[in-house]
Each structure stands twice: as C-alpha cells, then as structure tokens.
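Trainee: Could we go through this model together, taking the ring contacts and then the strands?

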Amino acid sequence: MSTNLPVRAGTGALLIHGLGGTEYDLGSMHKILKRAGIETHSLTLPGHGGAPEDLLSVRMEDWLDAVTAKYHEVAARYETLHVMGMCLGALLAVELCKRVGHKQGKLVSLAAPVFIDGWSTPWYRGLRRLVYRIPGLAARMRVEEEEPYGIKNELVRSIVKAKFERGENFHYRWVPLACVREVDRLRAAVRQGLDGIGCPTLIMHAHEDELTSVRSAQLLHDAIAGSQLVLLNNSYHMICVDNDRDLVAATVLQFMDRDPAAVQSPRAAGRAAPMGAADIERILEAYRGSLLAGEFETLFPLFAEDVVWTEEGDNPISGVYEGRGALINLFSRLMDYSRNTFAVNEVGQPALSGRSIALPLRFQVQDGAGLYNGASTHTLRLRNHSITKVVSKADEPQREDALWRRLAAASGLEPEGDAMDESTLALDASALPDAFEAAIIELRSLPAAPSAAVSIRLTAYEQQARLGDAPPAPAAGADAREQVRHAAWRLLSGLPADQAQRRHIALVRRLKAGYWPAGMD
C-alpha cells in the first residue's frame, strides 16, 4: 500500500536575511554551504526587495508567516534541515524554531539583536517607545543607515558605502520607525519561552557589535539548553562580511558536521588554474574600468589575497603594500592626500613584458589652484585568475615625488603633521592618562570613521603608549592588516609613552574638529 509521502533526503539550510537587507547580509554563506554539500534556500522577507516605504504596512506576523511557510516547504524535501538567520533574520530563526518545535536539524543565530544597546546606538534610543504612542508619527520618521554600516573592515565598508552612493538596491538606506516598532515586538516575543527550543543551537556575536551588545547573545545562551556560544573579536554587527567572516563560516560548517576547509574555494586551495586570453582580457578590462570610474573598491576582488603592490618613488605614497588588506592604506592615502581629487583619465593598451603586462595610464590631481597631470605605468602579474603583483612607476619620478610631498604636507596627514596644539602640550602629567582614555572613547563617537592611514597611526600611538616599543617582528601568522599596523608601530620606537599619548590626543582632537575634508572613509 502506497502512502504517497514525499521522500526526504540530503541536507538543506534555510537562510534568513536581516532588516532592510538581502542575501548579501550573509556574505558568501550560500556558496560555502553549497560547497560543503548543503543545499541552501532563502526568501525575501515581506516589505523587502523594493523600496523602504514597502515596510510601512508590514507586521511582525507577516515576517513569521512567511518564514514558517518557507520552512514547511523546504523541510518536506530534506532529511536534515538547518535554520540560520542574521540580525532580524536571527530573531526570526529563533522564533521559528521555537514555534514549529524544530528538531529536524540545527539552529544558527548570527548577531541576534535581542537588545538594541550597542556602542553606537544613541542615548535617546529608548524614547522611540514614546513616539510609537503618537498616531502617525512613527510612519513619518526614518532610521537612517549610517557609517560604520555594521562593518569594521575599512575595505568592506568602503565597498558598502560606494554601493549606497551609486544607489544599488542591495540594502535599504533607511527604514521607517514604524518598522522598528515591529522589530521591538519581535524582540519581546523572542525572549519568551526560549527554554522550549530543543534543537542544537549555535550563537555567534561580536564583542564590538555597535547595534546590539553581547548581552543579547548571553541571554540566548543562558536560556537555550546546551547551546554553543562563540564571541568574535574583530568585527562589528555584520559578522558574515566583516573581518571574522572566515571564522564565522568555518564555525558554522563544523557545527553542521561539515569540513571547515570548504570555506576556501577549490581554486584557491588547489594548483594554479589555467588562464586563457579571454580570462586575461576580462581581468584587464575590469582593472581599466575600475580605474577610469574611480571606483577603487571594485578593484579589490581582482587581487589575490597575498598580492604585493610596489609603489616606486620617494614620497609618502611610495612603498611596498603586502596583502590585499594593505591596499586599503594605499588607496586611502591617495584620496586623503589629494582631497579626493585623484582621478585616472586614460588607460592605454596593455603590452606584454616577459611574464608581466604593462598598462600605461594618465591621471590628474588638484595641486593648489592648479591641476597636476601625471603619467605612470602599472606592471601586473596574473595567476589563478587574480592579480598577484603590481609595480607602479611614474614617468617623471622626481616631479611626482615632489607632488605627493606637497599634498601630504598640506593635508596634515604625515607623521610630522601630528604636531601637538598648545592645549595638548599644556596637559599636566597627572591629567594625561585620563585625557588619553577620553580620546580613545571620543574616537568611537566621531561622525565619520577616519581613513585607514589615520586609523593605523592612531593604533600605533596607542600601542606605543601602552606597551612601549614594538617587537622586532609581528606575531607569527599575522595577516596583512596586522603586519601593516606592526610596521607603523615600529616607526615609533624610542618615543616615550607620554609623548605617544599626547600625539594620540592631538590627532583625535583634530579629527573631532573636522580639520580634514570630508571623504576620509
């Protein structure tokens, strides 16, 4: 006798995005899970995928009904089904598993905002509940998406910022306060009955989450029996795309009983992949297009993780930048020193030079009242469908060296530009430690995060003040970002702790006063 019941087989995962977002919220998680043999499914939450105004009429129940319907649809197909959510999606994932009695797989909660109490939330956040009581007001008020966009990594943040500025529809730029009211209703519901969750649960949260403190993760961990808690040390809220993204993915894979090595793509893990003429032309065309459009953030996917960029010359820009993360520093300096006027206006035809490819280019920079026109050549090496080496050489080295020295001095961003103001010099030695700690707190409250170049120097001053001279070499296994920071710290060797404190204070005060122009990242 046939029952005509569907046959369940394999493993699936239901991934739920965050408020105002899309699958982008979960970074590469879909691809990584698929490489590990887990089929992924997602949905666009009600009110999303269109315009922020679409959220005005959405209720908490609409979101829950949508994820519940999708859950039942997908659960019928798999022997094992995992549920994972990010931000609002994490709240929905928790509530979903609670309501359906999920035991068919595991639950993963990523940065669930059970409490909205992170370090960047304003002191008046609690007053929104008073606004809810005024008819129609919550529907007219907006909650803007602002820097740091939940992202600590300067490169990723610059990409997100550029996407917003170009109007790309990957995430809402704002949400109605009326929608936040529904999130508050959901948060209250999530806190009830957590002891009824019976599936294995992984909770991941960043120590520095600017939206929701680790109190949220701790509450879930304490209430859900047998849950696993992982706290991250180098990310803000968007943990799937921030500095800890590989750790997040590897931990999720291990929790789902899969090989964490699936985080790395087969191409990256294996031998050099063959490249044809079309592959090379594609990379060169993307490189040329990004430079001409001034969209430096779109260059980064073209580089290998261990790329080495050599900027020849004797000026504040020149040097060796090792690793893709270090290029943040290079491009930050270009834009900061030039006050965002640096622009490539011509890229010539590529020429083969042995195993390398030479690209001539022309650029312009505002130099005082005039316009500087320069030329240089980028010599590229390609491997594994990525750019692994770049050497940038000016056609007129001495003239260009002089240019960047002038611009750097005028910007005040060079180390010698960290001259202390009279009030900083006058700080009494007994008051200096408190002023130093206050400056560190003030740095977090700046309306715009400083550029990578300035951030690196601030970190170096803080390390010199707290720890003294840097060790001769960075820690074993240090990534590119850590190596750059170590190099900056080493430059301060011999600087007394009190002088490092004063320079840090002076730099923060100048940032706070808006000494430098907008566009510093």
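Trainee: Which residues do ring pairs link into a cluster with Trp309?

Mentor: Since this is a predicted model, the contacts are read from its computed coordinates. One pair within the cluster joins Trp309 and Phe331 edge-to-face, with 5.7 Å from centre to centre and 80 degrees between the planes. Ring pairs extend the cluster, and the residues linked with Trp309 are Tyr287, Phe303 and Phe331.

Trainee: Is Trp309 buried or exposed?

Mentor: Trp309 lies in strand 9 (residues 303-311), while its partner Phe331 belongs to helix 12 (residues 327-337), 22 residues away in the chain. Phe331 has a relative accessibility of 7% and counts as buried. For Trp309 the relative accessible area is 2%, and as the cut-off for burial is under 20%, Trp309 is buried.

Trainee: How is strand 3 (residues 80-86) placed, largely enclosed or not?

Mentor: Strand 3 runs parallel to strand 1 (residues 11-16), to which 6 bridges join it, and it also pairs in the parallel sense with strand 4 (residues 107-110) over 4 bridges. Of its 7 residues, 6 are buried, so the rest of the structure leaves strand 3 largely enclosed.

Trainee: Which hand does the β-α-β unit of strand 3, helix 3 and strand 4 have?

Mentor: The two strands of this unit are themselves paired, and one of the bridges between them has Met84 facing its partner Val108 in strand 4. Helix 3 (residues 88-100) completes the unit with strands 3 and 4, and its hand is right-handed.

Conventions:
Residues are numbered from 1 along each chain as its sequence is written. This is a predicted model: local features need pLDDT of at least 70, side-chain atom pairs count only at pLDDT 80 or more; totals for chains, interfaces and linings use all residues. Side-chain values use heavy atoms; hydrogens and water are left out. Buried means under 20% relative accessible area, exposed over 50%, partly exposed in between (1.4 Å probe, protein chains only). Two strands pair if DSSP finds at least two bridges between them. A crossover is right-handed if, with the strands pointing away from the viewer, the path from the first strand over the helix to the second runs clockwise. Rings of Phe, Tyr and Trp (its six-membered ring) pair if their centres lie within 6.5 Å; planes under 30 degrees apart count as stacked, over 60 as edge-to-face and the rest as tilted.
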